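Trainee: Could you take me through the nonpolar patch on the surface of this protein, one step at a time? I would like a close look at that part.

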Amino acid sequence: MKSTGMVRKIDELGRIVLPKELRRTLNLEQREPIEIFVEEEKVILRKYQPGKACMITGEISEENMVLADGKLIVSPRGLEIISRDIQKVTEKV
């Protein structure tokens, strides 16, 4: 992870301001939705791209696959996880 050297405080309503330089670098416009993820002790903000996120890992990639007549979107890593889980379940049957 690369440090920006920017530090901001959380206000009384729990908000933070993303500096203009950072918004410009990430091409974030006013009122544009962002996704919020938690990974261990990190909060990750990412530009929201509806319909492209893996339902298992949350990854957004051109490699993501649409399965089950559009009801399931998975990344290659998500597919590995599902495959492992299906194999475990079928071994029990």
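**The nonpolar surface patch**

Mentor: Happy to! Let's begin with I16: at 46% relative accessibility, this residue counts as partly exposed, because the partly exposed class runs from 20% to 50%. I16 sits in the segment before α1 (20-25). Keep in mind that we are looking at a predicted model. The mean pLDDT of the protein chain is 88, with 99% of its residues at 70 or more.

Now for the patch itself. I16 joins I10, I34, I36, V38, V43 and L45 in a nonpolar patch on the surface, and together they have about 700 Å² of accessible area. Two elements, β1 (34-39) and β2 (42-47), each give two or more residues to the patch. The largest share comes from β1, with three residues. A word on confidence here: among the elements of the chain, β2 has the lowest mean pLDDT, 84, while the highest, 93, belongs to helix α2 (residues 76-92).

Following the chain onward from β2, have a look at M55, in the loop between β2 and β3 (65-67). At 54% relative accessibility, M55 counts as exposed, since the cut-off for that class is over 50%. M55 still has partners further along: leaving aside neighbours within four places in sequence, M55 is in contact with K71, L72 and I73. For the last of these, I73, the C-alpha atom is separated from that of M55 by 5.8 Å, although the two residues are 18 apart along the chain.

Definitions and conventions. Residues numbered from 1 in each chain as written. Predicted model: local features only at pLDDT ≥ 70, side-chain atom pairs only at ≥ 80, totals over all residues. Heavy atoms only, no water. Patch = residues over 30% accessible without salt bridge, like charges linked within 9 Å, V, L, I, M, F, W, Y side chains within 5 Å. Areas by Shrake-Rupley, 256 points an atom, 1.4 Å probe, with all protein chains shown as cover. Salt bridge = Lys/Arg side-chain N within 4 Å of Asp/Glu carboxyl O. Helix = DSSP H or I, 4+ residues; strand = E, 2+ residues; numbered from the N terminus. Buried < 20%, exposed > 50% of the residue type's maximum accessible area, 1.4 Å probe, protein only. pLDDT = per-residue confidence, 0-100. Contact = heavy atoms within 4.5 Å.
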